[in-house]
Amino acid sequence: MDFIFSQLAGFGSALVSLTADPLTYLYLIASVFLGITFGALPGLTATLAVTILTGFFGNKIPLDYSLIALLGAYVGAIYGGSYPSILLNIPGTAASAATAMDGYPLAKAGRGGEALGLTTTASFIGTVIGTLTLLIFVWALLLVSKNIASPEKALLALFGILLSGTLMSEDLVIKGWIAGLIGLAMSMVGLDPLLSEPRYTFGWSYLLSGFQVVPVLMGAFAIPQIIDGLRHVEAGKILALKGRILPNLRSIRRYLPTIGRSGVIGTGVGALPGVGEDVAGWVSYGVGKTVSAEGDKFGRGSLEGLLCSETANNACIGGALIPLLVLGIPGSPPAAALMGAFKINNVIPGPTIDPEIILRVVAILVMASLTMFLMGLFTARVFIKILAIPQTVFLPVVMVLTTIGSFSVGGGINDLYLMLGVGAVAYFMNLMKYPIAPLVIGVILGGLFDETFRRSLFLSDGDLSVFFSRPGAAILLVLNLGLILSQLPAAKRVFLRLKGRSA
Amino acid sequence: MDKIDETQVMRARDFWASVVMIAVSLFFLWKTSEIPLWGGNRAGVTGTDWYNSAAIVPLFIFGGLLVLSLVLLVISIRSGGAQNALSGVGIGWDRAEVFRSSTIGLMLLAYVVGLVPRVDFILCSGLVITALTFGFYGGYTQRALIACLAVTFAGLFAFVSFPAQADWNAHGDDWVTLILWIFLTLLVLSKAGPERVLRYVPFIAILAPLILVCAMAFGFRQNVPARGGLIFKQIEYHYYVTLRPLWKD
């Protein structure tokens, strides 16, 4: 109990110091507004919002303000995706795909205001649930993570890439793994971390320092989005917002158990390495449909269905930061962009992270969710107007933003060439349904995997048993092997047979 | 039926993707073989063991990539991907889509490789914003072609006229870009009667890069591309010589 109180006290002092600084509000309001705008515009995503802001604020302002800008945009963008889902039947972000299933029928039935109000409240509560879980669990995990040595780190990095590849794959799972391996391969470029031996530099001195994170993020997330989005799309009819947005307490109380359950599911899914808000939304929606008394109404305008996905995708934010802060493994694609910001600020997330930073992250998340809540309730009509802007008008501006952001981080034109090259590869990968998130996570974790894998071998004089003689490593090895084996056709047949027998 | 067709198209594409990835994996495995694995001199250290080698992890990665590519090849062949791979219909060739993505790709290439390093950022970004909006708003093929030609010409001119970095501050390419931008803006305005959105394009094309480059250079004090560009050079001069002394002194 003392531990929880000491945590809350630390969080309180971080919150007070942030609230006492007037600049906090400037960054917070601007970034949450920008985040909601990015989320609301179909064609722009939460990952893109955090990536672009990483280019702008990543290393140009003090870390606290940079975190406010990035986390504010993250929270805002995940919530902002609900606007087009409810009013246009087009998910603003992948995380809001499940929201459209019930949000649009509700708006069509003249309950758009009520849906938006409850969504805003549920997103706020969801973010707070995720944040509080982050506050409590990150410390417990940090204590455990002190015992994590190189073999565990290497296997954990591999597990993150494999899991992300498995869960983010739209087509064959093998494509997710290939994307992860391409990312790992990209991270091998440059001087190797132990012997400083140049690898795959082809005589180009720029490549000696390896692929820079921000241009890779910009290329992987922005360029395919721009190429794919620059097309003529018949503007959907925005449904008129009927009814008041401010929710009444009775409905909130009625749906509180649903919100609580979805918040816990969202946080849990977020805590899985490499799995993002979209998966959290769908998992929570699926669970809700199974356990809810009004499960049969899901997909036909159920408020409970709407709240299941919207609470979970926002709760996922706090969850996604747990593996990022504790292990240095991003829990979602936007968290991968956030990791890029940490890296260019020379902050290494993981067991050695400064505890003050974690407390500040939690305080910023609480403030960002409150800002999002107030903006959602009182300025919703502004964001609805933004929905009318065509993609062909804002995407060219995004291209210019991406270019100057990518250039300014490293200050070199080579970063732009890298961004364009990665963008072209990512575009073709998108075309062939290869997920991009495992690639980015592979690039980010590749250095860690290379260093820890070789260090393990070095310390054990090449004895491979180091990867299964330690209990933690053995568990992780079993998880990695289990994940791979579970995708083999023979294993799938066995699972199906067992499932058939139990049914 | 549609679903089956889409899957077949995907498998035909997978066939080519796996062939390319097998080639890439083999190439990089060969490149990895240049990194000493069994002893040898590594970064000045001799007589070290295999597990110290910088080639270990890349071997694991490219070996894994090769195996997965082979598995993908087998999946695509078993699903009939190889049979469809040689026909345009089989790989889902869509002429309009190829035209759209190639024109955008060409414009981005001209912008990043030709224009950004050499031409004033406000000018080249203004041209690109105008071209991309004009070219793809409304879905007119002819407009996309004109927009693509304008940006590609500007990029190619800058690239060919001033290939060496020492010449990047010259202004010939700035003027060409400016003329092309004005030409495209006039075209945009001529179509802006029935399409009201296009009226805002010139404002966005001027204001967005202007605000961004000034914020980056004077707000965040970061390096910006083509500092010696036609317009930015003047802005920078007047910021430091005319404006800044007003509050500095």
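The domain bounds used here come from an automatic or database domain assignment. With that in hand, here are the close-ups, all taken from a predicted model.

**Figure 1. Chain B comes in two domains.** Let's start with the way chain B is split up: domain 1 covers 2-84, and domain 2 covers 95-248. How many Å separate the centres of domain 1 of chain B and domain 2 of chain B? Taken over C-alpha atoms, those centres are 40 Å apart. If you follow chain B from the N terminus, its elements go α-β-β-α-α-α-α-α-α-α-α. Counted up, that gives nine helices and two strands.

**Figure 2. The overall spread of chain B.** A compact globule of 249 residues would have a radius of gyration near 18 Å, yet chain B comes out at 26 Å. Its C-alpha atoms fill a box of roughly 65 × 60 × 35 Å along the principal axes. Of the 249 residues in chain B, 39% count as buried. Now look at contacts in chain B between residues at least 6 apart in sequence: 72% of them join residues at least 24 apart.

**Figure 3. How sure is the predictor about chain B?** The mean pLDDT of chain B is 89, and 94% of its residues reach 70 or more. Which element of chain B has the lowest mean pLDDT, and which the highest? Strand E1 (residues 41-42) of chain B is at the bottom with 60, while helix H5 (residues 121-136) of chain B is at the top with 96. Where pLDDT is low, the predicted coordinates should not be read in detail. For the complex, the predictor gives an ipTM of 0.92 and a pTM of 0.88.

**Figure 4. B:Asp94, a loop residue of chain B.** You'll find B:Asp94 in the loop between helix H3 (81-84) and helix H4 (95-118) of chain B. Is B:Asp94 buried or exposed? It counts as exposed, because B:Asp94 has 11 C-beta neighbours inside 10 Å and the cut-off for exposed is 12 or fewer. Now pair B:Asp94 with B:Arg118: they sit 24 residues apart in sequence and 35 Å apart in space, C-alpha to C-alpha.

**Figure 5. Chain A, seen as a whole.** Chain A has 21 helices and two strands. For its 503 residues, a compact globule would have a radius of gyration near 23 Å, and the 22 Å of chain A agrees with that. The C-alpha atoms of chain A fill a box of roughly 70 × 60 × 50 Å along the principal axes. Buried residues make up 60% of chain A. Among contacts in chain A between residues at least 6 apart in sequence, 79% join residues at least 24 apart.

**Figure 6. Where chains A and B touch.** The contact takes 46 residues from chain A and 57 residues from chain B. On the side of chain A that touches chain B, the elements giving two or more residues are helix H9 (173-186), helix H17 (391-410), helix H18 (413-431) and helix H19 (437-459) of chain A. Which of these gives the largest share? H17(A) does, with eleven residues. By type, that side of chain A divides into 30 nonpolar, seven polar and nine charged residues.

**Figure 7. Inside the largest nonpolar core.** There are 235 residues in the largest nonpolar core, and the ones touching the most other members are A:Leu70, A:Val440, B:Val128 and B:Val151. Helix H13 (residues 303-327) of chain A supplies the largest share of this core, 15 residues. The core also draws at least three residues from each of domain 1 (2-84) and domain 2 (95-248) of chain B. Zooming in on A:Val440, and leaving out residues up to four places away in sequence, its contacts are A:Gly183, A:Val216, A:Leu217, A:Ala220, A:Pro333 and A:Ala336.

**Figure 8. Two residues with a positive phi.** A:Tyr200 has a positive phi of about 50 degrees although it is not a glycine. A:Tyr200 is in the loop between strand E2 (198-199) and helix H10 (213-229) of chain A. With 18 other C-beta atoms within 10 Å, A:Tyr200 is partly exposed. B:Ala226 isn't a glycine either, and its phi is positive at about 45 degrees. This one lies in the loop between helix H8 (201-219) and helix H9 (230-248) of chain B. Why does B:Ala226 count as buried? Because B:Ala226 has 26 C-beta neighbours inside 10 Å, and the cut-off for buried is 20 or more.

Note on methods: Residues are numbered from 1 along each chain as its sequence is written. Chains are lettered from A and ligands numbered from 1 in the order in which they are written. This is a predicted model: local features need pLDDT of at least 70, side-chain atom pairs count only at pLDDT 80 or more; totals for chains, interfaces and linings use all residues. Helices (H or I, at least four residues) and strands (E, at least two) are DSSP runs, numbered from the N terminus. The radius of gyration is taken over C-alpha atoms; the globule rule is 2.2 Å times the number of residues to the power 0.38. Two residues are in contact if their C-beta atoms, placed from the backbone, lie within 7 Å. pLDDT is the predictor's confidence in each residue, from 0 to 100. Ala, Val, Leu, Ile, Met, Phe, Trp, Tyr, Cys and Pro count as nonpolar, Asp, Glu, Lys and Arg as charged, and the others, Gly among them, as polar. A nonpolar core is a set of buried Ala, Val, Leu, Ile, Met, Phe, Trp, Tyr and Cys residues joined through C-beta atoms within 7 Å.
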